[in-house]
Amino acid sequence: MVVVDGEKIRAVVPLGEVPRDAEVHDCGQAALLPGLVDSHVHINEPGRTEWEGFATATRAAAAGGYSMLVDMPLNCLPGTNSVAALEAKRRAAAGQCLVDWAAWGGVVHDNQADIEGLAAAGVRGFKCFLVHPGVDGFTMVNERELRAALPHIARTGLPLLVHAELPGPIDAATERLAGADCRRYGTYLESRPDEAELAAIRMMLALCREFSFRLHIVHLATGRALEELRAARAEGLAVSVETCPHYLYLEAENIPDGATLCKCAPPVRGRENREKLWQGLREGVLDMVVTDHSPCPPAMKRLEEGNFRTAWGGIASLSVALAVVWTEAERRGFGLKDVARWMAEGPAKLAGYGARKGKIAAGYDADLVVFDPEGVFEVTEERLHHRHGISPYLGEKLRGVVKATYLRGTAAFDEGRFPGGAAGREMRG
Ligand SMILES: [Zn+2]
């Protein structure tokens, strides 16, 4: 029994020790998970609210079992690269959020002087791109610019989240593929080879050794990097790694030509690679699974021409990510404890909330998910809840149904309804 007192978990006790005055909610045969934390979400507000926004992203989150999101500093306008931009984001979020949220700050080519101010103002860490991010309003950094930023980042003690692909191997592949059919998934896959990820990760590990900062690799897609990441950890480097539901579920062999809903960067790779990522989770080289929820208006996916070169790269999955991961995890012999570690505890720790969110334990926020691990459903537009009902998971049959999501003791989502209203807060400290 989980004893909730106001917004907090007071205790976890055996059935016989329920306090006399307690009001009891029986969840039946359902499992109780800690509220999920997603440390990789593109909310896109302010500036690109027509892509997504605080109201719609947090609604999808509540329906998906998430009680907290950490927003990426890009795709919104302005990018969260200065304290003024962070304040604009806070104004945009006010009164709209169904679950708690926090912000990552951006590290771009020219904002080294803003880094420590952003940390003092409450960002949970930083994000940078080593390759063009595919969107205006946020610039990539090269090694020289990164070297100028890293002493500031190290002083904050906060993690640096890195989109780890280097342009060199991508440019070379793109040149080789000139004239190739852009509707073919194989062309897109070849244009972003494993080597781009491997080279970026090698560079970041060397910088981590030199500057002693907390390094976090976002959305690892290549299983070929696991060996070096394992060695870096054995050496004692402060490096953590995430992957995403789409890399664990989709496989390049089954992505039809023109299916741009499956476009993301780095790309979904082959079946054998996917199994390596599962092995990375099994061995603990991968710490967490986060969505990289990155929606756009349907027109930007260029569904009619099916052109992988011009389509927006991003996959929206907040409301179904838990079922996507559980469907695949269960058939590989993992349990709900593993899923909770990857999708709640790991991301909470990364964002600096390891003592407050991501676990069912005394003193933690009463963020809980009532989850039916046996339930099976088909993904329909009505289940998605983010702004535009498109997703590569539409039509998929998934296992695991979120019945309710509690945010600090109150139901944010309950059997298709959102009774809690905009009770989400920014988590700063
Ligand atoms: Zn992202």
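**Notebook: strands β13 to β15, the zinc site, a surface patch**

I looked up Val-369 and found that its bridge partner in β14 is Thr-405. The model I am reading is a predicted one.

I then went from that pair to the strands. β13 covers residues 368-378 and β14 covers residues 397-407; they run antiparallel and are joined by eight bridges. On to β15, residues 410-414: four bridges pair this strand with β14, again in the antiparallel sense. I noted Leu-407 opposite Thr-410 of β15. The connection between β14 and β15 is a hairpin with two residues between the strands. I checked the turn and found a positive phi of about 40° at Arg-408.

Next entry, the metal. Which atoms coordinate the zinc ion? I listed NE2 of His-40, NE2 of His-42 and OD of Asp-292, at 2.1 to 2.2 Å. Along the chain these donors follow the spacing H-x1-H-x249-D. His-40 is in strand β4 (residues 36-41) and Asp-292 is in the loop between β12 (288-289) and α11 (321-330), so the pair ties together parts that are 252 residues apart in sequence.

Are these two donors buried or exposed? His-40 counts as buried because its relative accessibility is 0%. Asp-292 has a relative accessible area of 10%, so I entered Asp-292 as buried too, the cut-off being under 20%.

Last entry, the surface. I found a nonpolar patch formed by Met-1, Leu-15 and Val-24, with about 300 Å² of accessible area together. Met-1 lies in the segment before β1 (2-5). I put Met-1 down as partly exposed because its relative accessibility is 34%.

Conventions. Residues numbered from 1 in each chain as written. Predicted model: local features only at pLDDT ≥ 70, side-chain atom pairs only at ≥ 80, totals over all residues. Heavy atoms only, no water. Pairing = 2+ DSSP bridges. Patch = residues over 30% accessible without salt bridge, like charges linked within 9 Å, V, L, I, M, F, W, Y side chains within 5 Å. Areas by Shrake-Rupley, 256 points an atom, 1.4 Å probe, with all protein chains shown as cover. Salt bridge = Lys/Arg side-chain N within 4 Å of Asp/Glu carboxyl O. Buried < 20%, exposed > 50% of the residue type's maximum accessible area, 1.4 Å probe, protein only. Donors = N, O, S within 2.8 Å, 3.2 Å for Na, K, Ca; no water.
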